[in-house]
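Here are a few exercises to work through with the model open beside you. Try each task before you read its solution.

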Amino acid sequence: MRQKELRLALVCYGGISLAVYMHGITKEIWRLARASQAFHKGETPAGGSQGVYRDLLEEIEVETGIRMRVLVDIIAGASAGGINGVFLAQAITTGQSLEPLTQLWLDSADIEALIDKHQAPASRFSKMWALPIAWFAEKRSGDNIDELIEAGARTEVRAKLSHFVRSRWFEPPFGGALFSGLIMDALDAMAAAPRGARLLPDGQPLDLFVTVTDFRGHPERLTLNSPPEVVETEHRLVVPFTDHGAVADTLAHPAELTFAARSTSSFPGAFPPFMVGELDKVLKHRKVAWPSREDFLKRILPRQFAANAADHAVLIDGSVLANAPFRPAIEALRERPARREIDRRFVYIDPSPGAKIHFGPHNVSAPGFFQTIIGAVSELPRQQPIRDNLEDIAARSRTIERMRTIVSSIRPEVEAQVEALFGYSLFLDSPTTARLANWRARAQTAAAKSAGYGYAAYGHLKIAGVIEAIASLLYHAGGEPGPQRWERIRSHIADAVSARGFDELRPSFSDGASAITIGFLRSYDLGFRIRRLRLLARRVTELETDHDESELEPIRDAIYASLADYLECKRTERHAHLRKDVRLLRGDAGPLLDKLADSLDLKQLDTATEKRLAAAFTGLARDVKRPILFTYLGFPYFDVATLPLLQGEGLDEFDPIKVDRIAPDDAKSIRAGGAEATLKGIQFNSFGAFFSRAYRENDYLWGRLHGAERMIDIVLSSLTGNARLKPGRVAAIKRAAFIAIIDEEEPRLAAIPGLIASLRKEIG
C-alpha cells in the first residue's frame with residue numbers, strides 16, 4: 001500500500017454577493033477534508049457528500065493500492081474569498097463545523113439585513129425618480145436566467161432593489177459595524193456547534209492570508225544608485241495567521257479574524273472603509289475583551305503603530321489591488337513538513353471568470369465616458385489574468401524537477417563514494433549516535449576534498465545564506481519593521497562574521513583556518529540540517545515502492561521529529577528574549593551572535609537527531625538501512641550539486657506544483673454554460689444575491705454541486721501512471737455526490753423548489 005498526500009493551497013477570489021456561491025464550494029472542500037480524516041482513522045463519516053468522498057478514497061485504495069489523504073494547509077483570499085477563507089481556516093484548525101454558517105449566509109447576506117438603518121430611505125417616496133433606474137437595471141441583467149428562479153422572487157428583487165437605490169447617495173448604504181457584528185455572530189455560531197478533530201496532522205501548519213488595501217498607504221524606503229534612497233507609498237497589505245501546526249480552540253482571537261474578514265470585504269461604495277475604532281465599538285457593545293489588541297495591530301500595521309496612527313488606518317476591499325492572492329500562498333510553501341509522497345495543488349476559486357472577449361464589427365465603438373472610468377478603476381484590475389503567478393509556479397516546478405533529476409543521476413556515484421569511504425565495515429550496518437556523528441564529519445570532509453576548488457564557491461554561497469538567515473531571525477525577533485532595518489542588521493552580522501574569520505574559505509576545509517568556518521556553520525547553519533532531513537525523507541518515500549510502509553514508519557517518525565525541532569528554531573517566539581539586544585545593535589554584532597548560537601543550540605539538536613536515527617536504524621533490514629544511511633552521509637555531495645541551482649535556498653516539498661481552477665465554467669456534468677447559465681449573483685455587477693433569498697439559495701446549491709464535481713476531478717487527477725478507476729465509475733461517483741447534496745439541502749432550500757426539480761431531471 002502506497003501512502004500519498006494531496007495537499008491543497010486554496011486561493012479564493014473576490015466576488016461580492018457570489019460569496020454565497022463560494023461558501024458552497026468551500027463547504028464541499030471542508031467535507032472532503034473531513035471524509036479524508038475519517039477514512040484514515042477508520043471512522044464512519046457523516047452522510048451526504050461526505051460519505052461519497054469517503055467511499056471514493058476507499059475505492060481508490062482498493063483499485064490502485066494508493067491510500068490517499070486530502071489536506072488543506074494554505075488558504076489565501078481577497079474580499080468575498082477572504083471572508084470564506086477565514087471561516088474555512090477556522091474550521092480546519094479547530095475542528096469546528098461550517099454547517100452553522102449556511103443559515104447565516106442565507107438569512108443575513110441580504111440587502112435588508114446589511115443596509116445601515118441610518119442610510120435607509122426615510123419613506124417609500126424617497127427618490128421616487130430612481131425607481132425606473134432600479135427596474136431598468138433588473139431587466140437588463142436578469143433576462144437570461146429568470147426561468148431558474150421562482151416567479152415570486154421577481155417581486156422581492158424589485159422591492160429590495162428599490163430600497164437599495166433609494167438609500168442615501170454619496171454614503172455607503174451597508175453598515176460596517178453591522179457587518180462586523182454578523183461576522184462575529186458567525187464565528188460564535190461555529191464555536192457553539194459540535195466540533196470534531198483538527199483536520200491536519202500534528203505539526204502540519206495551517207496558514208491563512210487575507211489581502212487588504214491600505215487606502216492612505218504607508219511609506220516604504222527603497223535603495224537606489226541615485227538618489228541613494230527614495231520613499232514610496234505602499235497600499236498592499238496582507239493579514240497573516242498561522243496555527244503553527246498545533247491544536248487550538250481558535251486560529252486567532254475572534255476580533256482579529258473579524259478584523260481580517262471585515263476589512264478585506266469593504267467593497268468601495270457599498271461598505272464604509274474599515275477602521276479599528278469600528279471594531280472596538282462592536283466589541284464594547286458585545287462586552288468582548290481583546291487583550292492581544294496592541295500586539296495584533298503592531299504586527300499587522302507596524303508603520304502606523306510606530307507612529308501612533310494604527311487606530312486611524314483606513315482599510316478597504318482586498319481585491320482592489322490583489323484579487324488573486326497567489327504570492328503569499330506561494331511564499332507559505334517554505335518549510336512545509338512532508339511525511340510521504342506529496343501532490344501539491346494550487347486550487348483557485350474564481351466564481352465568475354472574466355467577461356467573454358468579443359472581436360468583430362459588433363464591438364467597434366469606443367467605450368463611453370463612465371464605462372471607461374469604471375472599467376479603469378474597478379473592473380480591469382480585478383480581471384487581470386494570473387499569468388505572472390502561474391509562470392512563477394511553473395518556474396519553481398521546473399527547478400524542483402531539475403533538482404530531482406540531478407539528485408537521481410548522481411546518486412549511484414555518491415553512494416559509491418560513501419561506500420568507498422567506509423568500506424564494507426560491519427559497523428556501517430550498526431550505526432550508533434557516536435558513529436553517526438563521526439561518520440557525518442568524515443563524509444563532510446571527504447565531500448569537500450572531492451569537490452576541490454568548486455567547494456569554495458559552494459562554501460561562500462552557504463555562508464551568504466547563513467548570514468541572510470541569521471539576519472532574518474534577528475530582524476523578526478527585534479520586531480522593528482522595514483527593509484532598511486533588515487539591511488542594517490544584515491550588515492552588522494556580515495561585519496561580525498568577517499571580523500571573526502568565519503568566512504575564510506579555501507579549496508577545502510581541511511586546515512586550521514577552515515576549522516573556524518566549520519565551527520561557525522555547525523553553530524548557525526540551520527538550512528543545511530533542514531535540507532538534509534528533507535532529502536532523507538524523500539529517499540524514504542521512494543523506498544516505499546518496494547517496501548511495506550510499516551517497516552519504514554520508525555525512520556520516518558525519527559526524521560520528522562527531528563525536522564520539527566529544527567523548524568522550531570525558525571520561529572520568532574523562540575528568540576524573543578533577544579529583542580532588546582537586537583534593538584540596541586549599533587556596532588559589533590559578535591556578542592549577539594553568541595547569544596543566538598545559545599538560543600539555537602544546534603549541536604544539541606544534532607545529537608538528539610542522531611540518537612533518534614540510530615534507534616530507528618536498529619530495526620531496519622539491511623537493504624533498507626543502507627540506502628537511507630548513504631543518503632544521510634552522502635548529503636554533502638548532493639548539497640554541493642544542488643544548492644547553486646536553488647540559489648542558496650532549500651526547496652521544501654520536492655515535488656512540482658500543479659494548478660487547478662474551480663469555476664462555473666469548469667463544472668459541466670449537470671449543466672453547461674458557466675455562470676450565466678447557473679448563477680444569479682452575477683446580476684447587478686455581482687450584487688445580485690443580496691436582493692433575494694431565492695438567488696442566494698440558488699447560488700449556494702450550485703456552489704456545492706460545482707465544488708463536489710471539481711473536487712472529485714482533482715482527487716482523481718492525482719492518480720498517475722496506470723492507476724485509475726473502472727470505466728463508468730467517475731460519472732457514477734459524481735452522480736451519487738449530486739444526489740446526496742440535493743437530498744440534504746432540499747428541506748432547507750424552500751425558495752427554489754423549481755430548481756431542485758429541474759436538477760433532479762438533469763442529473764437523471
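Buried means under 20% relative accessible area, exposed over 50%, and partly exposed in between (1.4 Å probe, protein chains only). The model is predicted, so local features need pLDDT of at least 70 and side-chain atom pairs pLDDT 80 or more, while totals for chains, interfaces and linings use all residues. Numbering starts from 1 along each chain as its sequence is written, and side-chain values use heavy atoms, without hydrogens and water.

**Exercise 1.** Find which residues of helix 16 are buried.

*Solution.* Helices are DSSP runs (H or I, at least four residues), numbered from the N terminus. Start with residues 433-451, the extent of helix 16. Its buried residues are Leu 436, Trp 439, Arg 440, Ala 443, Gln 444, Ala 446, Ala 447 and Ala 448. Just after the helix comes Gly 452, with a positive phi near 60°.

**Exercise 2.** Work out which parts the salt bridge between Arg 262 and Glu 278 ties together.

*Solution.* A salt bridge puts a side-chain nitrogen of Lys or Arg within 4 Å of a carboxyl oxygen of Asp or Glu. For Arg 262 and Glu 278, the N to O distance is 2.8 Å. Arg 262 belongs to helix 9 (residues 254-264) and Glu 278 to helix 10 (residues 276-286), so the pair links parts 16 residues apart in sequence. Both residues are buried.

**Exercise 3.** Compare the burial of Arg 539 and Glu 542.

*Solution.* First, the two form a salt bridge, with closest N and O atoms 3.3 Å apart. Next, both lie in helix 20, about one turn apart. Finally, Arg 539 is buried at 13% relative accessible area, whereas Glu 542 is partly exposed at 30%.

Conventions: Helices (H or I, at least four residues) and strands (E, at least two) are DSSP runs, numbered from the N terminus. The expected span of a helix is 1.5 Å times one less than its number of residues.
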